[in-house]
Amino acid sequence: LFHWLSALIGVPAIFYAGQPFFRSAWAALKNRRTNMDVPISIGITVATGLSLYETAVGGEHAWFDGALMLLTFLLAGRALDAMMRDKARAGVDSLLSQAAQGAMVVGDDGALTYVRAEDLAPGMVMRVAAGEKLAADGEIISGASRFDQSLLTGETAPVSAAVGERALAGTLNLDAPVDVRVSHAGRDTTLAGIARLMEASTQNRSRYVRIADRASRLYAPAVHTLAAASVIGWLGAGASLYEALGIGVAGLIITRPCALGLAVPVAQVVTSGALMRAGVMIKDGSALERLASIDRALFDKTGTITLGTPLPDAAVIAAMDAEEASVALALASHSRHPLSRALAKALSSTGTRAAHLDQVREVAGQGVFAQWNGKEVALRRPESASGIASVLTIEDRPHRLISFADRLRSDAAEAVARLWGMGVECSILSGDRAEAVVPVAQALGLTGQGSASPADKQQAIGQLRRSGRCVLMVGDGLNDGPALAAADASIAPGSATDVGLQAADMVFVQESLLAVPRAIAASRATMRVVKQNFALAIGYNVIAVPLAMAGLVTPLIAAAAMSGSSLIVVANSLRLARAAR
């Protein structure tokens with residue numbers, strides 16, 4: 001009775017859940033070839049058929065549960081693979097969303113009309129107000145402003161542009177309205193080009209053949225041959241068709257590649273958990289395999305080796321008297337400019353209180369101006385200064401230049417030293433200006449290249465890979481997206497842009513750059529365990545297959561042995577729980 005109840009529940013579920021494997025096996029057979037799904041489909045079908053026969057004749061054994069459990073594990077693996085592909089596509093979608101969804105277009109009669117980004121065409125004139133993003137590439141034909149290009153280049157300092165100069169989709173107009181004649185729109189913009197580079201790199205990497213797949217290539221023909229030989233041999237020895245099929249099914253079950261299939265993913269899952277506790281999130285388990293072979297690391301500068309937030313010079317802050325600090329805080333608190341926010345935060349942390357100001361006004365591209373005790377005061381853009389700076393002016397007092405700089409992560413030097421000690425050669429590849437990259441590179445004893453576009457970064461990675469190097473990219477910005485996707489493995493800090501987070505294989509969520517050498521060390525330990533798992537799985541089959549062919553193993557014992565081999569692989573992988581220490 002319970003066998004019939006099992007059949008009532010199990011058979012519909014087996015044939016519904018097995019559809020992906022049945023369709024794949026049938027397509028392969030129609031093309032006169034075989035694949036991994038053929039023996040799986042045969043094993044499931046024959047085991048289910050024999051179970052129904054056993055049930056109908058009142059036999060002792062039925063294996064509906066075994067067939068369903070196999071399908072459960074196989075479908076779970078395919079679902080995880082599909083999720084990884086969806087994440088790769090999500091990175092491209094997130095990148096394209098960085099551009100404005102549309103723009104105000106100036107007509108021949110001067111009237112303004114809103115036009116969606118996909119409907120913009122070369123020759124149209126966009127009017128871009130301060131605080132708006134550009135929806136297309138073009139040339140400025142009226143006005144001048146500064147643009148935040150950090151998403152495209154990683155450079156934190158705004159870039160000035162005037163009539164006759166280019167403005168790119170996805171950049172933010174900071175200061176004043178400008179009219180821009182569209183030159184490239186839709187899929188022809190620089191931003192869309194970066195998206196295509198990312199998508200192409202992701203597709204190339206998706207063809208990477210994992211160790212488990214390579215080891216399983218011989219599985220289908222070997223299992224078919226052994227099962228057929230068992231059935232034919234026992235029929236020739238005088239066994240009944242039922243007995244011969246039972247031995248053949250036992251062979252199919254006992255040689256199912258569960259332990260072999262678990263050799264990689266279980267080790268990856270355990271290591272991923274250990275790294276997560278250490279502050280490193282693994283988005284793609286196969287990245288651990290690629291990371292283990294890394295011998296070359298490329299670092300972006302802003303937001304990766306540095307924290308990506310400009311900070312005022314501490315010596316300048318300390319040199320201010322109480323009145324200067326109070327006025328500076330009051331002026332900075334009236335602006336949303338990144339430098340003003342950084343200055344306000346630094347002064348507030350010292351206990352400074354903001355002065356009372358009158359007639360406060362902010363002039364786009366110039367600064368914040370006000371009156372304090374009847375005196376003219378301002379926090380403004382310097383006339384000329386190297387690097388990033390602001391000027392505090394108070395009537396009847398000397399002007400004070402406040403310089404800003406990004407700071408290195410506290411353990412950047414130690415992280416780089418560890419990587420060199422692990423045989424990983426390091427350098428900086430950044431979209432920042434060369435004069436901003438050189439001091440950071442010198443501080444860490446590295447070589448550095450600046451002003452690198454997304455295509456330049458991708459090309460540099462391609463050249464290294466063609467020369468036989470296994471490349472790790474560590475970056476955070478939109479401009480790093482194609483490079484993160486093109487590298488053998490990639491890591492981004494938790495502060496990265498959405499595009500950087502989507503494109504990277506791993507994300508470290510704390511300020512420590514030591515996450516990079518820890519992840520590489522953990523990945524190398526993982527691959528050592530994976531190789532051990534393969535040896536265990538293969539050794540199990542070497543012992544089990546002859547026993548099954550000799551008729552010494554029933555389908556029930558075969559299922560138990562197969563499960564036992566899987567448990568051994570899992571137990572060995574659990575040793576990686578401390579891999580990230």
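Which residues in H2 meet which residues in H3? The tour of this predicted model begins with that contact.

**Stop 1: helices H2 and H3**

Select residues 19–30 for helix H2 and residues 37–56 for helix H3. On the H2 side, the residues to display are Phe21, Phe22, Ser24, Ala25, Ala28 and Leu29. They meet Asp37, Val38, Ser41, Ile44 and Thr45 in H3. By class, this contact has seven nonpolar, three polar and one charged residues. Looking along the two axes, one finds them 8 Å apart, with a packing angle of about 120°. H2 and H3 are therefore oblique to each other, and the crossing of H2 past H3 is left-handed.

**Stop 2: Arg146 in strand S5**

Select residues 145–148, which form strand S5, and pick out Arg146 within the strand. Is Arg146 buried or exposed? Arg146 has a relative accessible area of 13% and counts as buried, because buried means under 20%. To see what surrounds this side chain, display Pro158, Val159, Ser160, Leu172, Asn173, Leu174 and Asp175, and then add His337 and Arg381; Arg146 touches each of these, residues up to four places away in sequence being left aside.

**Stop 3: helices H11 and H22**

Move next to helix H11, residues 265–277, and helix H22, residues 515–549. Their axes come within 9 Å and cross at roughly 155°. That angle makes H11 roughly antiparallel to H22, and the crossing is right-handed. From H11, select Ala267, Gln268, Thr271 and Leu275. From H22, the residues that they meet are Arg518, Ala519, Ala522, Thr526, Val529, Val530 and Asn533. The residues of this contact divide into six nonpolar, four polar and one charged.

**Stop 4: Gln371 in strand S14**

Strand S14 covers residues 367–372 and includes Gln371. Which residues does Gln371 touch, not counting residues up to four places away in sequence? Display His356, Leu357, Asp358 and Gln359, together with Glu376 and Val377. For one of these, His356, a distance can be drawn in the viewer: the C-alpha atoms of Gln371 and His356 are 9.0 Å apart, while the two residues are 15 apart in sequence.

**Stop 5: two cysteines**

Finally, select Cys426 and Cys470. Cys426 is buried, with a relative accessible area of 3%. Cys470 is buried as well, with a relative accessible area of 14%. How many disulfides are there to display? With a disulfide taken as a pair of cysteine sulfur atoms within 2.5 Å, the count comes to zero.

How values were computed. Residues numbered from 1 in each chain as written. Predicted model: local features only at pLDDT ≥ 70, side-chain atom pairs only at ≥ 80, totals over all residues. Heavy atoms only, no water. Buried < 20%, exposed > 50% of the residue type's maximum accessible area, 1.4 Å probe, protein only. Axes fitted to C-alpha atoms, helices over the stretch in contact; angles between N-to-C directions. Helix = DSSP H or I, 4+ residues; strand = E, 2+ residues; numbered from the N terminus. Parallel < 35°, antiparallel > 145°, perpendicular 65-115°, else oblique. Left-handed = near helix turned anticlockwise from the far one by under 90°. Contact = heavy atoms within 4.5 Å. Nonpolar A, V, L, I, M, F, W, Y, C, P; charged D, E, K, R; others polar.
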